[in-house]
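Visitor: I would like a close look at a single part of this chain. Please take me through the aromatic rings.

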Amino acid sequence: MFIVEQVGMLPIFHAHTKDRELLALAFLRMQEHYESPRFRGKVFTHQEYRRWYTEERGSFSYVNDWSGFNVPSLAVRKVCYEFLNHSRQEKALFRELCETEVFRHQRFYLIGTCGTHPETLRHEICHGLYFTSRHYKDTARSVIKRYSLDELRRQLSTMGYHQSVHDDEAQAYAMGYWSSDMSVTREMRAFRKELRRELNPIYAALTAR
Ligand SMILES: [Zn+2]
């Protein structure tokens, strides 16, 4: 079962459930349509994705590999209206989004977490703010521009992130926690410090209830 709630005043919606498999399989096609190096922008079936992921990683470990999800409304609508054969998990999520009238917003951002673990949630909310708040995004980008972040970008690529979302992931990881897969460089630490100094007050103001 999903619970869907709005975060702060912006059209950012948080879907959460205790069921990790439900979460991952509900978000999989939206997330991968949005940013997969292989399936970005494409319409695909669960079987196609499963086959590819298994070839890449040796087994279909998707549910254990990913615990937080973030997608703009475009990806949500695409899968909801144009992808065929919705899974049981996708149907459960779309039903809840309809019931909470999320689709009334022309442009929105959807994040998904398992439970409400604060560190995962903060990372995902930062994606939502980057998408829905001009002020937040401009401030983040002005800090990002002052660093090369070559090593961080290389690590993001290895983790499977498409180049088009590197800036967004850089700010979300720096505002939240570094992944256990990452090795943290001196530049990354300096970047995090400066970014948080600039963005923390904006984050607090935009997420206040
Ligand atoms: Zn992220």
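Guide: Here is a walk through the ring pairs, with the whole chain as background. This is a predicted model, where local features need pLDDT of at least 70, side-chain atom pairs count only at pLDDT 80 or more, and totals for chains, interfaces and linings use all residues. Residues are numbered from 1 along each chain as its sequence is written, and side-chain values use heavy atoms, with hydrogens and water left out.

Start with the setting. The chain has 10 helices and four strands. Helices (H or I, at least four residues) and strands (E, at least two) are DSSP runs, numbered from the N terminus. Of the 209 residues, 52% count as buried, meaning under 20% relative accessible area with a 1.4 Å probe, protein chains only.

Now the rings. Rings of Phe, Tyr and Trp (its six-membered ring) pair if their centres lie within 6.5 Å; planes under 30 degrees apart count as stacked, over 60 as edge-to-face and the rest as tilted. The count comes to 20 aromatic pairs. Take Phe 44 and Phe 83. Their ring centres are 5.5 Å apart and their planes stand at 80 degrees, so this pair is edge-to-face. Phe 44 lies in the loop between helix H1 (20-35) and helix H2 (46-57), and Phe 83 in the loop between helix H4 (73-82) and helix H5 (88-99), so the pair ties together parts 39 residues apart in sequence. Phe 44 counts as buried, at 3% relative accessibility. Phe 83 is buried too, at 3%.

The pair also belongs to a cluster. Ring pairs link Phe 44 and Phe 83 with others, including Phe 27, Tyr 49, Trp 52 and Phe 69.

Notes:
Buried < 20%, exposed > 50% of the residue type's maximum accessible area, 1.4 Å probe, protein only.
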